[in-house]
Amino acid sequence: MNYDLENFERKDRTDELMGIYAPKLGYNKDQIDFIKDVMDTVKSVMEKHNVRNKAIEWDHIGSRLIDGKVIPPPGFEDVLFELIRDNEIIRTFIPEKHGGFGFSGYMTAPITEVTNYYSQPMGMMAYFALTVLEPLYKFYRPEYDEIIERFAVGKNIGYGAFTEAHAGSNLKSINSTSELVGDEYVLNGTKIFITNGGYANAGLFLAKNMVNGKDEGTNVFLVEGLEGITTLRLEEKSGIHASPTAQLHFNNVTVPKENLLGEAGNGYHKVIERLLGMRMSVAVQASAAAKRAYDEALVYAQTREQFNRPIINFPDIQKKLTIIKTQIERLEDFAHGGYYALERFHKGLFPSDQYGSDSQFPDELHEGLIHHYISGAKIYSSEVVNFLMYDAAQIFGGMGFISETIVNKLTRDVRILSIYDGTSEIQKWILSRSKKAIDHLPNFQSPYSKYQDSTIYEEMLFLRFPELRELI
Ligand SMILES: Cc1cc2nc3c(=O)[nH]c(=O)nc-3n(C[C@H](O)[C@H](O)[C@H](O)COP(=O)(O)OP(=O)(O)OC[C@H]3O[C@@H](n4cnc5c(N)ncnc54)[C@H](O)[C@@H]3O)c2cc1C
């Protein structure tokens, strides 16, 4: 049986989607071209350093804890520093009033995706800065200018220290403490599972707000520098080995009182629940991994021969490639659509443009709807990409089970997507809360409603979470 390669060649829709969403957000052609140039820069750094293949070596070696210091695998820092220091990639996303190029929410999607296409741990290391910066703009003080600039030039690398041994999904039950002593807060506690922990030097820290020995809510701080912070261990994980996942002990770490983000006692509700970009970054990690898996699988299917012909000739293989390709288009829709809604929300616009730019809905509906988009994109993307990877690896036969193949690495890497930044169960719960907002919107069209039928990966999602048929 012959096959027509044209049917299987993947057309990347990033340009097309940027062409739709970016102008609606007010970006002009020059600005869109600027973002394309940044994407090209990322690609050329990645290709120059052969990250396409080196990511496997990084995965085997992993990040290590040696004499209390977190050491990334050889060559990892060369790429990281070329991106964030030589090319100042983070400056792209810093508002103009803070010395950046002024791109926000939506435009992070294409750039972070192309980075993650080559290496998810690199994406996590380079762009955690964006999560740390989000509340710094929101609760801006002039004291933050120098901190923001250190992110812009890649001197600051970001992390978020929220989770504790007994406080995962329920972050409000943390034990870490913060207490105001004179003009400084004193921070204490042990955090687990901290991405970039011990290596990154500028992060967010969630703690109880202790006032005269009493627990009065939660605080979130910006902590710069590693003084008083000990890396107790790095976790041995099933995937993303190059990304350090640390247990960190904060022992009487002091920060100026201005480093408290927002009001005392309100940290969880005003900062943590609003780290929406962090959840969206997971949707982009999913689409990037799916694209990479497809590209690898297509080459393998064309070159691997069995029964005297390339395996792409077998209908079973063609079926898998076709469905993965369809699924990738939908992952792109969710990633771009979610970031589009997020940027509208940050600009004070209603997250959906379905109701016209002058729509006047109350704040609760803005809030409800943005959670619908963000948690919808997070649960959808992180779940379907795992089912998709099963088929992508199957195309490789035994090689899909061998850890030196990219597809094997990807199957292991994407497993974390439905866990970190809020598990799927927690996203489902947030979505069900946001349903109240949707019910108030006449004829609301959910992102999913435009598809005529479900892919098998979506069917898997709906079988596991039946409520989602109504929620996404
Ligand atoms: C590699 C990695 C990197 C991470 N990076 C970071 C980081 O940078 N910073 C950080 O702070 N944390 C990080 N985490 C922590 C991560 O966010 C948590 O692991 C995650 O939120 C789940 O918490 P948990 O592991 O304690 O699971 P638990 O909260 O104990 O959940 C166990 C199970 O119960 C389910 N469950 C819990 N509550 C409910 C509920 N109300 N309804 C239904 N089901 C529920 C969960 O969905 C899950 O299936 C990371 C974790 C890993 C593994």
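How many of the 10 residues of strand E6 (residues 202–211) are buried? Select that strand and you will find that eight of its 10 residues are buried, so E6 is mostly covered. Here a residue is called buried if 20 or more other C-beta atoms lie within 10 Å of its own, exposed if 12 or fewer, and partly exposed in between, with C-beta atoms placed from the backbone. Helices (H or I, at least four residues) and strands (E, at least two) are DSSP runs, numbered from the N terminus.

Before going on, two notes on what you have open. This is a predicted model, in which local features need pLDDT of at least 70, side-chain atom pairs count only at pLDDT 80 or more, and totals for chains, interfaces and linings use all residues. Residues are numbered from 1 along each chain as its sequence is written.

**Stop 1: the partners of E6**

Keep E6 selected and add its partners; two strands pair if DSSP finds at least two bridges between them. Start with strand E3 (residues 158–161), which runs parallel to E6 and is joined to E6 by four bridges. To see one of these pairings, pick Gly-158 and its bridge partner in E6, Ala-202.

Next, add strand E4 (residues 177–181), which pairs with E6 in the parallel sense over three bridges. Here you can pick Thr-177, whose bridge partner in E6 is Lys-208.

Now add strand E7 (residues 214–224), which pairs with E6 in the antiparallel sense over nine bridges. Met-210 has Asp-215 of E7 as its bridge partner. The hairpin of E6 and E7 has two residues between the strands, and Asn-212 in this hairpin takes a positive phi near 50°.

**Stop 2: the whole chain**

Zoom out and show the full cartoon. The secondary structure comes to 15 helices and 11 strands. The radius of gyration of the chain is 22 Å, close to the 23 Å that the globule rule gives for 472 residues, so the chain is as compact as a globular protein of that length. That radius is taken over C-alpha atoms, and the rule is 2.2 Å times the number of residues to the power 0.38.

Along its principal axes, the C-alpha trace spans about 80 × 60 × 45 Å. Of the 472 residues in the chain, 48% are buried. Two residues are in contact if their C-beta atoms, placed from the backbone, lie within 7 Å. Among contacts between residues at least 6 apart in sequence, 76% join residues at least 24 apart.

**Stop 3: the domains**

Colour the chain by its domain assignment: domain 1 (27–157), domain 2 (160–264) and domain 3 (275–471). Such bounds come from an automatic or database domain assignment. Look at domain 1 and domain 3 together: their C-alpha centres lie 23 Å apart, and 17 residues of domain 1 are in contact with 22 residues of domain 3.

On the side of domain 1 that touches domain 3, helix H3 (51–61), helix H5 (105–118) and helix H6 (120–138) each supply at least two residues. H5 gives the most to this side, with eight residues. By class, this side of domain 1 has six nonpolar, eight polar and three charged residues. Ala, Val, Leu, Ile, Met, Phe, Trp, Tyr, Cys and Pro count as nonpolar, Asp, Glu, Lys and Arg as charged, and the others, Gly among them, as polar.

**Stop 4: the ligand**

Which residues are the closest to the ligand? Select Phe-162, Gly-168, Ser-169, Thr-195 and Thr-423, the closest of the 20 residues that surround the ligand. A residue is near a molecule if its C-beta atom, placed from the backbone, lies within 6 Å of it.

E3, from the first stop, returns here: E3, strand E5 (184–195) and helix H13 (424–439) each supply at least two residues of the shell. The shell draws at least three residues from each of domain 2 and domain 3. Its residues divide into nine nonpolar, eight polar and three charged.

**Stop 5: two loops**

Most residues other than glycine have a negative phi. Select Asp-67, in the loop between strand E1 (64–66) and strand E2 (69–71). Asp-67 has a positive phi of about 50° although it is not a glycine. With 5 C-beta neighbours inside 10 Å, Asp-67 counts as exposed.

Finish at Ile-240, in the loop between strand E8 (229–234) and strand E9 (245–256). Ile-240 is not a glycine, yet has a positive phi of about 35°. Is Ile-240 buried or exposed? Ile-240 counts as buried, with 26 C-beta neighbours inside 10 Å.
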